[in-house]
Amino acid sequence: MPDLTAGWEIIILGTGTVFIALIFLGLVVVGLEKIFGPKTTPPSQDQPLTEQDEEDKTEPPVAAITAGIHAYKGAGRFKIIRISHRGEEWARWGRQELINNKPERKGS
């Protein structure tokens, strides 16, 4: 039986080198993220929401909708009467499309 000691040494040395290099690269990435990453701090949980924060969460993005209408209609005058959220309708339509295009299961 041939001596496989040299082969096992090469396998262990190569695998170990790869794992050590990957760990080192991971630590470099984490360090660079801490140095050059975003400097924002997450909002603390003890601060109550202000009225403006609550409005931002409940109101649709009226400025974006107005800009879209202005780009579509041009420089003419227009008046926005109502903005309704149609998220549920889109979700229902998407689910129905997935159900209609479902492939047949074989062997069931």
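## A tour of the four helices

Begin with the whole chain in a cartoon view: read along the sequence, this predicted model follows the pattern α-α-α-α, and its secondary structure accordingly comes to 4 helices and 0 strands. Before going further, colour the protein by pLDDT, for which the mean is 78, with 71% of the residues reaching 70 or more. In that colouring, compare helix 1 with helix 2 (residues 51–58), since among the elements of the protein helix 1 has the highest mean pLDDT, 95, and helix 2 the lowest, 55.

Next, switch to a surface view of the whole protein, which exposes about 11,100 Å², with carbon and sulfur atoms supplying 63% of that area. Buried residues make up 1% of the 108 residues.

Now select residues 5–36, the range of helix 1. If you place a distance between its end C-alpha atoms, they are 46 Å apart, which agrees with the 46 Å that its 32 residues should span at 1.5 Å a residue. Helix 1 is hardly covered, as the count of buried residues among these 32 is 0.

Keep the surface on and select Val-18, Phe-19, Leu-22, Phe-24, Leu-25, Val-28, Leu-32, Ile-35 and Phe-36, which together make a nonpolar surface patch of about 950 Å². Centre on Phe-19, a member of this patch that lies in helix 1; with a relative accessible area of 52%, Phe-19 counts as exposed because the cut-off for that class is over 50%.

Finally, move along to helix 3 by selecting residues 62–73, where the end C-alpha atoms are 16 Å apart, in agreement with the 16 Å that 12 residues should span at 1.5 Å a residue. Just after helix 3, stop at Gly-74 and inspect its backbone, which takes a positive phi of about 95°.

How values were computed: Residues are numbered from 1 along each chain as its sequence is written. This is a predicted model: local features need pLDDT of at least 70, side-chain atom pairs count only at pLDDT 80 or more; totals for chains, interfaces and linings use all residues. Side-chain values use heavy atoms; hydrogens and water are left out. Patches are made of residues with over 30% relative accessible area and no salt bridge: like charges are joined within 9 Å, nonpolar side chains (Val, Leu, Ile, Met, Phe, Trp, Tyr) within 5 Å. Accessible areas come from the Shrake-Rupley method with a 1.4 Å probe; for residues, only the protein chains shown count as cover. A salt bridge is a side-chain nitrogen of Lys or Arg within 4 Å of a carboxyl oxygen of Asp or Glu. Helices (H or I, at least four residues) and strands (E, at least two) are DSSP runs, numbered from the N terminus. Buried means under 20% relative accessible area, exposed over 50%, partly exposed in between (1.4 Å probe, protein chains only). The expected span of a helix is 1.5 Å times one less than its number of residues. pLDDT is the predictor's confidence in each residue, from 0 to 100.
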